[in-house]
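Let's take a walk through this one together. Have the sequence and the model open side by side, and follow along.

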Protein chains: 2
Amino acid sequence: MSKPELNYKHLHYFWTVAKEGGVARAAERLGVSPQTISGQLGKLERDIGRTLFTQVGRRLELTEAGREALRYADEIFLLGERLREALDEPALGQASRLTVGIADSVPKLVAYKLLAPVVEASPQLRLVCHEGEFDELTSALSRHKLDIVLSDRDLGQAQQRRLVARRLASCPIGIYAARSLLEKPGAARNIADFSHAPMLLPSKRTSMRTRLDVWMDAEGLTPNVVGEFDDSALLTTFGGNGAGYFPAATVLTEMLSRQYDAELVIELSDVNEGYYAISLPSRLPNLHVARLLQSALP
Amino acid sequence: MSKPELNYKHLHYFWTVAKEGGVARAAERLGVSPQTISGQLGKLERDIGRTLFTQVGRRLELTEAGREALRYADEIFLLGERLREALDEPALGQASRLTVGIADSVPKLVAYKLLAPVVEASPQLRLVCHEGEFDELTSALSRHKLDIVLSDRDLGQAQQRRLVARRLASCPIGIYAARSLLEKPGAARNIADFSHAPMLLPSKRTSMRTRLDVWMDAEGLTPNVVGEFDDSALLTTFGGNGAGYFPAATVLTEMLSRQYDAELVIELSDVNEGYYAISLPSRLPNLHVARLLQSALP
DNA sequence: CCAGATCAATCGAAAAAACCGAATATTAAG
DNA sequence: CTTAATATTCGGTTTTTTCGATTGATCTGG
């Protein structure tokens with residue numbers, strides 16, 4: 001019974017060749033001669049008893065076995081890299097950077113409140129924040145460019161196999177308006193009036209919009225939509241300056257009052273905004289990612 | 001900027017030493033001399049700039065850095081092993097075995113119905129089934145002794161970081177009784193009568209029991225419990241032979257009628273039994289595991 | 001269509017790494 | 001105290017990796 005251990009050096013050459021798309025480029029990248037790569041690659045193929053590449057023209061192409069092997073090699077060398085990084089950290093197990101993507105639709109204040117406990121727990125942590133659209137961020141997450149993504153949307157069915165989402169908090173939604181708007185004659189003060197009031201809404205793709213549409217439908221409202229926004233901060237800015245009635249999570253009430261002089265007009269008790277942390281399903285999570293996920297409310 | 005590549009051979013020695021608990025045992029296992037291990041281990045420590053072991057007495061003990069490294073090494077060499085296995089399969093990407101754990105509380109017929117599509121899709125697949133208690137099975141799953149676990153229970157909060165559960169199907173519960181029991185004078189036929197009827201129930205820890213307790217409480221029933229069972233098959237056998245009224249998922253109605261001559265007495269429309277597939281959060285799932293998870297109902 | 005350039009594979013020799021035998025130091029057990 | 005078990009260090013040997021030179025195939029530009 002032969003059981004030759006897998007040669008990880010050979011596998012690493014194979015992986016580099018596949019990534020770089022050729023023996024020559026891989027050799028340059030690794031600082032060795034192409035003959036070396038070619039020879040060791042041959043050994044690997046003999047060891048495992050499968051051809052990994054076929055020579056088509058003067059180019060190498062992955063075989064089916066090669067593609068399969070590459071999937072594993074990707075994981076293996078990613079882990080190796082992270083092992084190295086983990087051991088390079090002065091404080092063991094505590095990565096010194098946490099790279100987080102924040103969806104445009106998440107209010108900055110909410111993002112702050114979610115991240116604050118993590119930052120406080122590790123004073124020397126460097127937090128790196130990126131903003132963007134949901135798809136953009138989850139894609140960056142898959143490519144290991146981000147450690148975690150904060151969003152107001154759950155994952156779609158298709159993504160649930162590659163990523164995991166965890167609901168961190170939820171908050172009822174309210175309709176707000178700047179005091180300047182409310183002091184005008186004939187200002188809307190209750191549900192019935194909203195049919196004619198100027199309304200600012202999140203754009204179609206957001207989950208909050210969907211739920212608001214359902215609510216307005218149920219209440220029989222056909223509001224006068226004067227603006228749609230992708231970015232919740234922009235929506236708030238317009239709304240806070242009196243451009244129209246606007247929805248926001250009720251955690252923001254105090255901030256809206258202080259910063260924009262805007263008031264809660266009505267709270268939609270059964271329309272909730274959920275906030276999710278989306279991460280890769282790693283069994284070796286970054287300490288800070290683990291803390292963030294654990295901070296989920298019951 | 002120094003960036004010496006991680007030496008996986010050294011890491012493998014380190015991993016084996018940690019697993020076997022000593023240089024000597026590791027050397028024997030790997031078929032090399034202890035000096036070799038010791039030397040290569042020293043090189044690894046110099047390469048990464050951390051001591052991995054401290055010599056306490058004549059034994060080696062992992063340092064903090066060592067424990068951290070070991071977590072990664074575990075993943076890496078598990079992947080290496082699986083890479084080898086995957087490439088050994090005659091049909092690429094199709095593991096020829098699927099090892100599944102089935103919780104005692106899952107009816108055999110349900111397990112069959114859930115697994116049948118997977119088996120049919122791959123005729124040459126060898127299915128290996130183990131039964132046991134929930135904790136036993138999830139533990140085996142964590143140690144990679146099982147590919148997947150079928151259960152009627154969702155994961156607890158604590159386990160959700162290491163394992164993922166997916167609801168595959170759900171089914172309303174009914175109360176059944178053998179015809180022989182129903183033909184006796186004064187047999188229970190509706191809710192009110194159950195207070196005095198002999199009742200068989202799942203044991204305390206199962207999720208079905210919890211929900212049944214809630215239901216009975218809501219209906220004001222204080223049944224005469226004549227038996228509690230861990231294993232749903234055993235419960236069904238007792239119930240089917242007339243030992244008492246017993247609960248079961250309504251998918252089983254036909255089977256119960258044919259095999260035991262038992263009848264559905266009442267269907268609890270708002271008490272549902274959910275069936276879950278629990279697996280490791282791997283990004284490289286076994287094809288069959290992937291199929292099973294994908295077969296979830298909407 | 002041909003000449004030069006590019007690429008991967010092969011071969012044998014040189015370099016590097018891994019390995020082992022003997023010896024040492026330390027510790028636990030009898 | 002002696003003995004057995006353990007990890008380590010030091011030299012020399014063996015194995016593996018690497019490279020230079022070469023070959024054969026393929027693409028590109030004139």
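Start with Glu75(B), which counts as buried at 15% relative accessibility (buried means under 20% relative accessible area, exposed over 50%, and partly exposed in between, with a 1.4 Å probe and protein chains only). You'll find Glu75(B) in helix 4 of chain B; helices (H or I, at least four residues) and strands (E, at least two) are DSSP runs, numbered from the N terminus. Set aside the neighbours within four places in sequence, and Glu75(B) is in contact with Leu79(A), Arg283(A) and Leu284(A), where contact means heavy atoms within 4.5 Å.

Before going further, a word on what you're looking at: this is a predicted model, where local features need pLDDT of at least 70 and side-chain atom pairs count only at pLDDT 80 or more, while totals for chains, interfaces and linings use all residues. Residues are numbered from 1 along each chain as its sequence is written, chains are lettered from A and ligands numbered from 1 in the order in which they are written, and side-chain values use heavy atoms, with hydrogens and water left out.

Now for how the two chains sit together. A turn of 180° with a shift of 0.0 Å along the axis lays chain B on chain A with an RMSD of 0.2 Å (the copies are superposed by least squares on the C-alpha atoms of residues with pLDDT of at least 70 in both). That is the relation of a two-fold axis. Of the interface residues of chain B, 100% are also interface residues in chain A, so the copies meet through the same surface.

What does that surface look like in numbers? Here 39 residues of chain B are in contact with 40 residues of chain A. Between them the chains bury about 4,300 Å², 61% of it on carbon and sulfur atoms; buried area is the accessible area (1.4 Å probe) that two parts lose on being put together, summed over both.

On the charged side of things, the rule finds two salt bridges across the interface of chain B and chain A, a salt bridge being a side-chain nitrogen of Lys or Arg within 4 Å of a carboxyl oxygen of Asp or Glu. Arg283(B) and Glu75(A) meet in a salt bridge through their side chains, at 3.4 Å from N to O.

Which parts of chain B do the touching? Helix 1 (8-20) and helix 4 (64-88) of chain B each supply at least two residues of the side that touches chain A. Helix 4 of chain B gives the most to that side, with 17 residues. By type, the residues on the side of chain B that touches chain A divide into 19 nonpolar, eight polar and 12 charged. For that split, Ala, Val, Leu, Ile, Met, Phe, Trp, Tyr, Cys and Pro count as nonpolar, Asp, Glu, Lys and Arg as charged, and the others, Gly among them, as polar.

Next, a few loops. His144(A) has a positive phi of about 65° although it is not a glycine. Look for His144(A) in the loop between helix 6 (134-142) and strand 5 (148-151) of chain A, where it counts as partly exposed at 34% relative accessibility. Over in chain B, Asp261(B) also isn't a glycine and has a positive phi, near 60°. Asp261(B) is in the loop between helix 10 (253-260) and strand 10 (262-279) of chain B, and at 38% relative accessibility Asp261(B) counts as partly exposed.

Finish at Asn241(A), in the loop between helix 9 (232-240) and strand 9 (246-249) of chain A. Asn241(A) is exposed, with a relative accessible area of 58%. Leaving aside neighbours within four places in sequence, Asn241(A) is in contact with Ala178(A) and Tyr260(A).
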